[in-house]
Structures are given as structure tokens and as C-alpha cells.
Amino acid sequence: MTHDDLATGPAATALYEMVVARETGDWTKAHAAAKAMAAQPITGHPASANLYRGAPAVAYILHTAGHRSYARALAELNAEVIAFVVHRLGAAHHRMDKGLPPHLREYDLISGLTGLGAYLLHCELDQALATVLQYLVRLLTEPLVVDGHQVPGWWAATSPSDTLDTGEFTHGHANFGLAHGVAGPLALLALARRAGHTVAGQDDAIAAGITHLTTWAQPLKGGGTGWPECLPLDAYRQGPRPDAAPTRASWCYGTPGIARALQLAALVLDDDTALRLAEHTALQAVTDPRHTRQITDTSLCHGWAGLVLTTERIAADAARPDLHDALPALRDRFTTETQHHLAPEHTGLLTGAPGVLLTLHTLTTAHPVDPEWETCLLLTP
């Protein structure tokens, strides 16, 4: 664990304190957290720095703070982040030109270019953002051939743990989740378009993402609809199953996160069919005990905090009233879970107490909290 690790380390505390300080005006704890975050060298290698670690993570936190005392440091970090983006895009386009499948860490939200693009959207570095969007257009619209079979351009060469596999995932896998799969690039393309950032082919890429997610909305055994988390080549070639098992209702891999990506994409392209599917499937996921009983903690990543926050953002953009009607019970369950279970021992945003506290603060404070910090989750721009 390093001090500049937002996902699992102390940097998440700094983000939480920054959000609170913006509301209260008391920056004492926020400045102390920023000092602690910078107490060790900040990761600055393009292969290991990403939205959740190193210079981009620290820049994300300081930009969220919006405090004048961080302006000089933020300018220096932004230059570093843009250099990372240029380096990683060069390698990604070279890989694409050779027709090879990517590792997840090339493009995903947590470690890859989607995450770096989320930061560029967060702080409106428009020129650099455009280059990431152009890459994502290629990723979603240029298919690959793996073991003689055509697969989408976001097909991972690796296992779900992003390592080369000689077993089930010898030929890689299709990953559908928001944190690591196609839902992440799709959500970023849609959020960017919603905020007025467009590049050539962007609508085609969004449409391709919608097609994949609508095609793979599987009928669940016992009723309902949901998406697979990830599939090896043989299962992908067989197509959607008619009796898939219900999955955990989580932000990272589950139906709520994927539904949010599909909803955002459907909204910007005025695709009413995809929009109805996204919102109906999200409602099923949060009201069906087969999904919710698989949640075992309160975390943002795969716990109650992530489920509630994601559903709040889906409901805010939804026309159907039943999603809004489901929110009070969800909030009550989240509050009960945080009262009766110890906070996660980790210090990070995704699996630790700061993410839970930040979600509670966002949803329960008397004054609406600027949802800007949620860009790192691809829930809002």
C-alpha cells in the first residue's frame, strides 16, 4: 500500500476530507490529509500510474478540492498525467495496428486509459481527452480475431485477474463490468458526449457498446434479466444463456454498474429501447433478493455503498417513478448495514471506510454535495 493509492490506500481519506471541506469551509483536516498523502514519493512511472494510483490519483484529489493552495502542484501533476496519456496511447495504437488483443490494464477504469480519460474529463483537459476518446472509438468499433473467431476490440488477452492463463481463459475473455470491462469505456464516451466533448465516430462507438450490452442482457433462471461478469471464448461464442444465474448487485461488475453505463449511452443517443432495458434491469437488481443477498459488505466497490450510490444516479436520470420509489428502502438498508457491521478495515476508496463515509456524506448531508467526485466511478461527469 502506498500513500498515493486512491483505491486501497490513505489517499482516499484525503478525497473524503476535500469533499467535506468544500461544504464546511474548514480546510484543517483536508490540508493535513494532503500533507500525509504527499509524505512519500508519488508514483510517476507511466506503466504503473493510473486514476487510482500515483500522480493521476493525487491530481484527481487536488482538482476535486478546488483550493487555490494546490494550483501550482496541480499544474505540475497535469503535465505529468498528459505525458502518461501520450505514452500509453502510443503503445495502445501500436498494439491495435498489429491486430492484437489488449490487457485489461490498457483500457479499463481502474488501471487504464478509461480511468485517465475520466480524469481528463474531470478537469476539462479537452485536447488530451479527445485523444483518449479517439482511442476508445477504435476500441469499440474495430473487431479482433482470436483463435480464428471474431471478437470485439475490447476483448482482453488475459484472465479476469489480467494475467496470462493456460486454463479456462487461454484465449482471453470478454469483460462486461464498469470497473474493468466494456461498460467503462462506454460510460466515458457517453459522459463526455453529454458534457459536449465529441470526436469523429463517437456515436458509432456508443451504438456498438449499446448493441453488445443489449445483446448480452440474459434471461435469468427464475425470472429477470442480467449481464454476465466475464466470459471465456467458448462461452462467448455460444451466445447469451437462457437460464443464467443472478449475480451480485454491485457497482464494479454487477448489473447496477452496467445498467448505468447503458442508461448513459441510451440517453445521449435517444435510444428508448436500450433506456427501458437499462432502467428495468437496474430496478430488478435492487429489488430482487437473489441479487441483493449476495452483497456481504458496505463498500463502494461491491457493497451497499456502491449499490445505493449507483441506483441514486440511475434514478436521477430516469423517467420511471419506481426507481425513485425504491430508493428509501435502499437507503435504510445501507444505513442499517453501516450501523450493525464494522467499517471495512481497508483505508481505500473502493473497499475501505473512506468510500463508505463519502457515500454517506453525499447522500445524507443537509445540503446537496457536488457529485463531481463521482467521476472516478463513471457515475457522473
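How much accessible surface does the protein have, and what share of it belongs to carbon and sulfur atoms? The surface comes to about 15200 Å², and 54% of that belongs to those two kinds of atom. Keep in mind as you look around that this is a predicted model.

Let's start with the overall build. You'll find 16 helices and six strands in the protein. Measured out along its principal axes, the C-alpha trace spans about 55 × 50 × 40 Å. The radius of gyration is 20 Å, which agrees with a compact globule, because a chain of 381 residues folded that way would come out near 21 Å. Of those 381 residues, 57% are buried. The chain also brings distant parts of itself together: among contacts with a separation of 6 or more, 68% are between residues 24 or more positions apart.

Now for charge. There are 25 positive side chains and 38 negative ones, yet the centres of the two sets lie 2 Å apart.

Next, head inside. The largest nonpolar core has 133 residues, and the ones that touch the most other members are Tyr-52, Trp-251, Leu-349 and Leu-377. Take Tyr-52 as your guide. Setting aside neighbours within four places in sequence, its contacts include Asp-4, Asp-5, Leu-6 and Ala-7, then Leu-109 and Ile-110, and also Leu-349 and Leu-377.

Another spot to visit is Leu-277, in helix α12, which covers residues 272–287. Where does Leu-213 sit relative to Leu-277? The two are 64 residues apart in sequence and 9.8 Å apart in space, C-alpha to C-alpha. Beyond the neighbours within four places, Leu-277 is in contact with Thr-214, Ala-217, Thr-225, Trp-227 and Leu-262.

Further along the chain, Thr-380 lies in the segment after α16 (353–364). Is Thr-380 buried or exposed? With a relative accessible area of 9%, Thr-380 falls under the 20% cut-off, so it counts as buried. Apart from neighbours within four places, Thr-380 is in contact with Leu-191, Arg-313, Pro-371, Glu-374 and Thr-375.

Finally, have a look at two aspartates in loops. Asp-147 is in the loop between β1 (144–146) and β2 (149–151), while Asp-270 is in the loop between α11 (255–269) and α12. Phi of Asp-147 is near 55°, a positive value in a residue other than glycine, and phi of Asp-270 is near 55° too. As for accessibility, Asp-147 is at 48% and so counts as partly exposed, whereas Asp-270 is exposed, because its 67% is over the 50% cut-off.

Technical notes: Residues numbered from 1 in each chain as written. Predicted model: local features only at pLDDT ≥ 70, side-chain atom pairs only at ≥ 80, totals over all residues. Heavy atoms only, no water. Helix = DSSP H or I, 4+ residues; strand = E, 2+ residues; numbered from the N terminus. Rg over C-alpha atoms; globule rule 2.2 N^0.38 Å. Buried < 20%, exposed > 50% of the residue type's maximum accessible area, 1.4 Å probe, protein only. Contact = heavy atoms within 4.5 Å. Areas by Shrake-Rupley, 256 points an atom, 1.4 Å probe, with all protein chains shown as cover. Lys, Arg positive; Asp, Glu negative; His and termini not counted. Charge placed at Lys NZ, Arg CZ, Asp CG, Glu CD. Core = buried A, V, L, I, M, F, W, Y, C linked by side-chain atoms within 4.5 Å.
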